[in-house]
Amino acid sequence: MAVKKFVVGLFDDEAVLFPAVKKVRTAGYKLHDVYTPFPVHGLDHAMGLRETSLHTAGFIYGITGTTTALSFMSWVFNVDWPLNIGGKPHFPLPAFIPITFELTVLFAAVGMVMTFCWLCQMMPGVKKHIFHPRQTDDKFVMVIELTEKTNAEEVKSFLTAAGAHDINEQKAEAGWWFGRFDKDDEPYLRKIQTANA
């Protein structure tokens, strides 16, 4: 658990936020994340995020479902329990199509949901720091991570010039951890920081 320093700035409008993200990247600051109340088209490219590979994972899960269905039915009808039913073939592919399709969709859907939850770190018990209480309500929040080379006051004045308001500096857990929002984790975090010091 790495506790890092961040500068947090609020924006009221996406028209102001979008150019500010580009300015932050051009200036070379480390952009931690941008929280918006609704999807902003093109923001992921402005932030420099790569294209998602979730569709590739879905294809792999679908092929796995297809292979599982065909392999299992072939094994059952040819090896485990071969029956001669009216001279019909042991591998009746047209009869296998509905179950193959169902298993393909099942594997792809469940696998993609689980992969999406893993990539977005959305699992039961996972807790992430909330930088501002209205960050996904009606405000746009930009979070810049402070490094050894970054001056906090310089970043604050940069965000002010970019159109942000309510700018503050916070110490927070950079990733995610298991916890609950109805309990205070500060004593736990202090205990870890004292142990690491």
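Start in the middle: the largest nonpolar core has 22 residues, and Val21, Met142 and Leu159 touch the most other members. A nonpolar core here is a set of buried Ala, Val, Leu, Ile, Met, Phe, Trp, Tyr and Cys residues joined through side-chain atoms within 4.5 Å. Buried means under 20% relative accessible area, exposed means over 50%, and partly exposed is in between, using a 1.4 Å probe and protein chains only. Two or more core residues come from each of strand 1 (3-11), helix 1 (14-27), strand 2 (30-35), helix 2 (43-47), strand 4 (140-145) and helix 5 (152-162). Those labels are DSSP runs numbered from the N terminus, with helices being H or I over at least four residues and strands being E over at least two.

Before going further, a word on the source: this is a predicted model, where local features need pLDDT of at least 70, side-chain atom pairs count only at pLDDT 80 or more, and totals for chains, interfaces and linings use all residues. Residues are numbered from 1 along each chain as its sequence is written, and side-chain values use heavy atoms, with hydrogens and water left out.

Back to the core. Setting aside neighbours within four places in sequence, Val21 is in contact (heavy atoms within 4.5 Å) with Leu31, Val34, Leu43, Ala46, Met47 and Met142. There is also a second, separate core of eight residues, and among its members are Leu10, Val141, Val143 and Ala172.

Now zoom out to the whole chain. The protein chain has six helices and six strands, and reading along the sequence gives β-α-β-α-α-α-β-β-α-β-β-α. Of its 197 residues, 30% count as buried. If you take contacts between residues at least 6 apart in sequence, 79% of them join residues at least 24 apart.

Helix 1 and helix 5, both contributors to the largest core, also pack on each other. Two packed helices are described by the angle between their axes and the distance between the axes. For helix 1 and helix 5, the axes come within 9 Å and cross at roughly 145°. Axes here are lines fitted to C-alpha atoms, for helices over the stretch in contact, with angles running from 0 to 180 degrees between N-to-C directions. The crossing is right-handed: a crossing gets that name if the near helix is turned clockwise from the far one by less than a right angle, and is left-handed if anticlockwise. On the helix 1 side, Val16, Ala20, Lys23, Val24 and Ala27 meet Phe158, Leu159 and Ala162 of helix 5.

Helix 5 also holds Lys156. Its C-alpha atom is 7.0 Å from that of Val7, although 149 residues separate Lys156 and Val7 along the chain. Not counting residues up to four places away in sequence, Lys156 touches Val7, Ile167, Asn168 and Glu169. Just past helix 5 in the numbering, strand 5 (residues 165-173) includes Asp166. Asp166 is not a glycine, yet has a positive phi of about 50°; at 43% relative accessibility, Asp166 counts as partly exposed.

Next, the helical stretches with an annotation. The UniProt record, an unreviewed entry, labels residues 57-77 and 97-119 "transmembrane region"; such annotations may be inferred rather than shown by experiment, and feature names are shortened, with positions given in the numbering used here. Residues 57-77 are 100% helix and 0% strand, with end C-alpha atoms 30 Å apart. Residues 97-119 are likewise 100% helix and 0% strand, and their end C-alpha atoms are 32 Å apart.

Two threonines in helix 4 (residues 93-119) are worth a look, one of them Thr100. Thr100 counts as buried at 10% relative accessibility. Leaving out residues up to four places away in sequence, Thr100 touches Thr66, Ala69, Leu70 and Met73, and its C-alpha sits 7.4 Å from that of Gly65, 35 residues away in sequence. A polar atom of the Thr100 side chain also lies 2.7 Å from the backbone oxygen of Phe96. Thr115, also in helix 4, counts as buried at 16% relative accessibility. Beyond neighbours within four places in sequence, Thr115 is in contact with Leu54, Ala57 and Tyr61.

Finally, look at the loop between strand 3 (126-128) and strand 4, where Gln135 lies. Gln135 is buried, with a relative accessible area of 8%. A polar atom of its side chain is 3.1 Å from the backbone nitrogen of Phe131. Not counting residues up to four places away in sequence, Gln135 touches Tyr35, Thr36, Pro37, Ile130 and Val141.

Technical notes. Polar contact = N/O pair within 3.5 Å; in protein donor to acceptor, adjacent residues only side chain to side chain.
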